[in-house]
Amino acid sequence: MHRGTSASAGIGIGRAAVIKEEELVIRQEKVSDSKDEVERFRDALNKTMAQTEALAADLAAKVGEKEVEIMQGHLMLLMDPMLTGEIEGVITGEGVCGEYAIETVCNNYAAVFAAMDNEMMQQRATDMKDIKVRMQQILQGITPVDIASLPAGSIIVAKDLTPSMTAGINPANVTGIVTELGGKTSHSAILARALEIPAVVAVSGILDQIEDGVSLVLDGDEGIVIVNPNQEQSQEYEKKRETFLKEKKELENYIGRPTVTKDGVCVELVANIGKPEDVEKVLQYDGEGVGLFRTEFLFMDRESMPTEEEQFEAYKKVAQALSGKPVIIRTLDIGGDKEIPYMGLKKDENPFLGYRAIRLCLDRKEDIYRPQLRALLRASAFGGIKIMIPMVTCIDEYREARELIEEIKKELEEKKIPYNKEIQVGIMVETAAASLMADVFAKEVDFFSIGTNDLTQYTMSVDRGNDKISYLYSTFNPAVLRSIRHVITCAREAGIMVGMCGEAASDPMMIPLLLAFGLNEFSMSASAILRARKIITEYSKAELQAVAERAMSFVTAREVEDYMREFIK
């Protein structure tokens, strides 16, 4: 039995299809005719774009528009004149082959993306490496593995699975995915979930222990892979697979039902979104609102700042679509880096602790913050919009932002422009400082939303993208749990709403603890809502108090995880 990280739920039973790509050898070779080499590169670029368009079209037929955007993001990278111009510049200026120019430029871009303190942009590093390899394969005449033609009952086993490889999977034939690398939030994992293929990632050394065609069982919920299962194990997991599929069908019964515990405690079950179009999924899965609208996506992949009017229309569209349900919109949360040229941001040595989010916005009130806040206030006249400020570390930052909001309110009143005069302004609690000062913040802010992804990272001083120290990155670490409980307690004592918009909000092992702590609102990806509703309605908050006390008595993350895993069984 091998353990890894659960990336996509479900039980996979089948035979291993070991994917080993032919190794690319990239050398700094000189060329005699740079002009011909540029044409050779452009031909490879065009072929890669055609491949990507075909993958996007195929993916659109299998999943929703949201996931197709991952491949459309690849297309935008390939169409970026800055990227292609730099590659051609290296070919011409240094007189080198296209493969080497692509390697140099794409690796530089990938390093910039990887250093950004933004999960989406960090995933762009993987996307950049993906398109890099595909262009180089075309230049070297290497035919990639045809994943689409794998036989029925295949479980893919690979070092890593790129987004383009995942997008090409035929879900009718692939019953599971196992990789040595990767994480739960990678683009490949997102696509696996969208394709509803069970996946376990970060299984150390698995390739050395598996041969093509061997029998495999994988448990995408527990992060377990079994090689050559015996008859008893095969029967056990076949039953689990049947149960999983049955439960998945039964989740549809929770559409239209209130999110209430057995002892009558109501909580809000809302969704995280990145753009107005995502609201369709929120409604499809019966979300009770939006707990996090990441506005930075409105600022990306463009050549100039979105205008106040553009932002207003986007926020208004979400507010109207949700017909008065709560819509928590996070103000710009972006780091200081060169990725967005029009912003003129310099690269931070440590973007995780640098010039970003509220720090950037307060420093650039006139061109960034004021237009966004005006757009939010104007859109609040059309629905239940609330404003959330990210990366707050001290009360001064909140007060300064609040003062600016009050200024804009007065301007709108003078011009007789409607807005919600009772609009709530809260903070995202994602730093250790905000957690420690939660009692102070609770007296002034209108609500809290706990961002567990970053709160875990900052509390544990661990880079969540670093595989070597990933064992430290656990929301079940007692230090993180104490921080979460403290924030919730302070909010409840002050009588303000407290929600959570990190990954932990949809974790079946974490939900019982959060209910016991007194969390009001759970925000997650739309597709996780019905399962979370089912879980919440099966518990009594009063009965969970003892469970939480027991969990909080442990001193290691492993002890807490083992206890909660056993409890939810």
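In this predicted model, helix 20 (residues 541-551) packs against helix 21 (residues 557-568) at an angle of about 155°, and their axes lie 10 Å apart. An angle over 145 degrees counts as roughly antiparallel, so that label fits helix 20 and helix 21. On the helix 20 side, the contact is made by Leu544, Val547, Arg550 and Ala551. Helix 21 brings Val560, Tyr563, Met564 and Phe567 to the contact. Sorted by type, these residues come out as seven nonpolar, one charged and no polar. As a bit of background, an α-helix has 3.6 residues a turn, so residues three or four places apart point the same way.

Helix 21 also holds Glu561. With a relative accessible area of 19%, Glu561 falls under the 20% cut-off and so counts as buried. Setting aside neighbours within four places in sequence, Glu561 is in contact with Ser474, Phe476 and Met509.

Another buried charged residue turns up in helix 5 (residues 119-139), where Arg134 sits. The relative accessible area of Arg134 is 8%, so it is buried. Its side chain is joined to that of Thr52 by a polar contact of 3.0 Å. Beyond the neighbours within four places in sequence, Arg134 is in contact with Thr48, Gln51, Thr52, Leu55, Met71, His74 and Ser164.

Helix 3 (residues 81-94) gives a further look at the inside, through Ile91. This residue is buried, with a relative accessible area of 0%. Ile91 and Ser34 are 57 residues apart in sequence, yet their C-alpha atoms are 6.3 Å apart in space. Ser34 is also one of the residues that Ile91 touches, once those up to four places away in sequence are left out. The others on that list are Glu37, Val38, Phe41, Val96, Cys97, Gly98 and Ala101.

Helix 8 (residues 231-250) offers a simple check on length. Its 20 residues, at 1.5 Å a residue, should span 28 Å, and the end C-alpha atoms are 29 Å apart, so the two values agree. At the start of helix 8, a side-chain oxygen of Asn230 comes within 3.2 Å of the backbone nitrogen of Glu232.

The loops have a few details of their own. Between strand 6 (199-201) and strand 7 (215-219) runs a loop that includes Glu211. Glu211 has a relative accessibility of 61%, so it counts as exposed. Apart from neighbours within four places in sequence, Glu211 is in contact with Ala16 and Val18. The C-alpha atoms of Glu211 and Val157 are separated by 9.4 Å, although the two residues are 54 residues apart along the chain.

Ala202 belongs to the loop between strand 6 and strand 7 as well. Its phi is near 55°, a positive value in a residue other than glycine. Ala202 counts as partly exposed because its relative accessibility is 31%.

Met391 has a positive phi too, of about 60°, and is not a glycine either. Met391 is found in the loop between strand 12 (384-389) and helix 13 (395-414). At 2% relative accessibility, Met391 counts as buried, whereas Ala202 is partly exposed.

Methods
Residues are numbered from 1 along each chain as its sequence is written. This is a predicted model: local features need pLDDT of at least 70, side-chain atom pairs count only at pLDDT 80 or more; totals for chains, interfaces and linings use all residues. Side-chain values use heavy atoms; hydrogens and water are left out. Helices (H or I, at least four residues) and strands (E, at least two) are DSSP runs, numbered from the N terminus. Buried means under 20% relative accessible area, exposed over 50%, partly exposed in between (1.4 Å probe, protein chains only). Contact means heavy atoms within 4.5 Å. Axes are lines fitted to C-alpha atoms, for helices over the stretch in contact, and angles run from 0 to 180 degrees between N-to-C directions. Angles under 35 degrees count as roughly parallel, over 145 as roughly antiparallel, 65 to 115 as roughly perpendicular and the rest as oblique. A polar contact is a pair of N or O atoms within 3.5 Å; within protein, one must be able to donate a hydrogen and the other to accept it, and residues adjacent in sequence count only if both atoms are side-chain atoms. The expected span of a helix is 1.5 Å times one less than its number of residues.
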